[in-house]
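Please open the model in a viewer and keep the selection tool at hand. The tour proceeds stop by stop, and each stop names what to select and what is found there.

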Amino acid sequence: MKKPLVGALFTVLLLGAGIAPATAATGHDAAATDTVKTKLSPKAVNFAGTVALSNCSGSVVRTPGSQPSDPALVLSNGHCMESGFPGPGEVVFNQPSTRSFTLLNASGSGVGTLRASKIAYGTMTDTDISVYQLTRTYAQIESSYGIKALELNTAHPVQGTAITVVSGYWKRTYACNVDGFVYRLKEGEWTWKDSVRYTSACQTIGGTSGSPVIDNATGKVVAVNNTGNEDGQQCTDNNPCEVDESGNVTVRQGINYAQETYGIVPCIGTGNKFDLNRPGCALPKP
């Protein structure tokens, strides 16, 4: 999995989903991508609202129901948390944190530092997400920096959608399409459900873990980047494998993946507070 960057030795290991060169896109994929890019070029995705962590990437996010006066949220991966990788079945919930994040503007320049008050939610079970609650509200961030939060999409991603992975850590973007969905993505001890598989153009690298995956047409976040098969191994750390409903295993070396984020929305209620008992919330509970 695109593990976090902790010193030079981990640069290759961390969240660098797809460090190995990915296979070339098929003619159909390439044509579709070119067509969509042409249509959407006026709405080019930028870095505004993304953040750089000490070891990963992330973004300031909101739900459709979030209010300007609500404490802002930062989305990244569960494996990017400062407390280390949560084990299978482990959920971090409302744990105090003072982690800092560098907020980026549209061009990718750091414009300020945001600080967490807690890890509102984090896990590597079924998905790979961490959501930090900040000490500042959306209104305060917009007033100070002129930057709005990215909105989480409420619907399941769609195959073929043109997307951009935006890394605040590297200040790089990766453009490709949603190639499909994986029933179960298994990597070492962890298993993730209904993961997004990119077309081969998104050759993300270490440090891109936690990057928002943005739908080019809407500008909304549809997933969070988290891993890729680097060496062609089967179901090992940094080499996730795909498992279908019949238990058949497929290995795609050089292909990278993300975890859907629409399922986060039903779990966030008034005041941007996580409530895992809200209707429609299916995130794992502590």
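The stops below lead from the whole chain to its cores, its pockets and some individual residues.

**The whole chain**

Begin with the entire chain displayed, bearing in mind that this is a predicted model. The chain has 286 residues, and 52% of them are buried. Its secondary structure consists of 2 helices and 16 strands. Consider next the contacts between residues at least 6 apart in sequence: 67% of these join residues at least 24 apart. If a surface is switched on, its accessible area comes to about 11,300 Å², and carbon and sulfur atoms account for 51% of that area.

**The largest nonpolar core**

Select Val 60, Leu 75, Phe 101, Leu 134, Phe 274 and Leu 283. These residues touch the most other members of the largest nonpolar core, which contains 44 residues. Now colour the elements that each supply at least two residues of this core: strand 2, strand 3 (71–76), strand 4 (91–96), strand 5 (100–104), strand 6 (110–123), strand 7 (129–137), helix 2 and strand 13 (221–228). Which element gives the largest share of this core? Strand 6 does, with 5 residues.

Remain at Leu 283 and display its surroundings. Leaving aside residues up to four places away in sequence, Leu 283 touches Tyr 121, Thr 127, Ile 129, Gly 263, Ile 264, Cys 267, Phe 274 and Leu 276. A second, separate core has 12 residues, among them Val 165, Cys 176, Cys 202 and Val 213.

**The largest pocket**

Select Asp 126, Thr 127, Gly 263, Ala 282 and Leu 283. Of the 15 residues that line the largest pocket, these lie nearest its centre. Strand 11 (190–198) and strand 16 (256–260) are the elements that give two or more residues to this lining. The space in the largest pocket is about 320 Å³. Its lining comprises 6 nonpolar, 5 polar and 4 charged residues. Leu 283 therefore deserves a second look, since two stops share this residue: it belongs to the largest nonpolar core and it also lines the largest pocket.**The second largest pocket**

Move to Arg 62, Tyr 138, Glu 142, Lys 148 and Ala 149. Among the 14 residues that line the second largest pocket, these are the closest to its centre. The volume of the second largest pocket is about 190 Å³. Strand 2 (57–62) and helix 2 (138–145) each supply at least two residues of its lining. Helix 2 gives the most, with 4 residues. By class, the lining of the second largest pocket holds 7 nonpolar, 3 polar and 4 charged residues.

**Two residues with positive phi**

Select Lys 171, in the loop between strand 9 (162–167) and strand 10 (172–187). Its phi is near 55°, a positive value in a residue other than glycine. Lys 171 counts as partly exposed because its relative accessibility is 41%.

Proceed to Cys 235, in the loop between strand 13 and strand 14 (241–243). Cys 235 is not a glycine, yet it has a positive phi of about 65°. Is Cys 235 buried or exposed? Cys 235 is buried, because its relative accessible area is 17%, under the 20% limit for that class.

**Three further residues**

Select Asn 105, which is found in the loop between strand 5 and strand 6. Asn 105 is partly exposed, with a relative accessibility of 22%. Add Gly 49 to the selection: the two residues are 56 apart in sequence, and their C-alpha atoms are 6.6 Å apart in space. Not counting residues up to four places away in sequence, Asn 105 touches Phe 47, Ala 48, Val 111 and Ile 147.

Next, select Thr 250, located in strand 15 (residues 249–250). At 32% relative accessibility, this residue counts as partly exposed. Beyond the residues up to four places away in sequence, Thr 250 touches Cys 241 and Glu 242. Its C-alpha atom is separated by 9.4 Å from that of Pro 240, and the two residues are 10 apart along the chain.

Finish at Thr 270, in the segment after strand 16. Thr 270 is exposed because its relative accessible area is 76%, and exposed means over 50%. Display Gly 65 as well: Thr 270 and Gly 65 are 205 residues apart along the chain, while 7.9 Å separates their C-alpha atoms.

How values were computed:
Residues are numbered from 1 along each chain as its sequence is written. This is a predicted model: local features need pLDDT of at least 70, side-chain atom pairs count only at pLDDT 80 or more; totals for chains, interfaces and linings use all residues. Side-chain values use heavy atoms; hydrogens and water are left out. Buried means under 20% relative accessible area, exposed over 50%, partly exposed in between (1.4 Å probe, protein chains only). Contact means heavy atoms within 4.5 Å. Accessible areas come from the Shrake-Rupley method with a 1.4 Å probe; for residues, only the protein chains shown count as cover. On a 1 Å grid over the protein atoms alone, a cavity is a set of points where a 1.4 Å probe fits but cannot get out, and a pocket is an open set with protein on both sides within 12 Å along at least five of seven lines; lining residues have an atom within 4 Å of a point. Grid points are joined across faces, edges and corners, and a volume is the space filled by probe spheres set on the points. Ala, Val, Leu, Ile, Met, Phe, Trp, Tyr, Cys and Pro count as nonpolar, Asp, Glu, Lys and Arg as charged, and the others, Gly among them, as polar. A nonpolar core is a set of buried Ala, Val, Leu, Ile, Met, Phe, Trp, Tyr and Cys residues joined through side-chain atoms within 4.5 Å.
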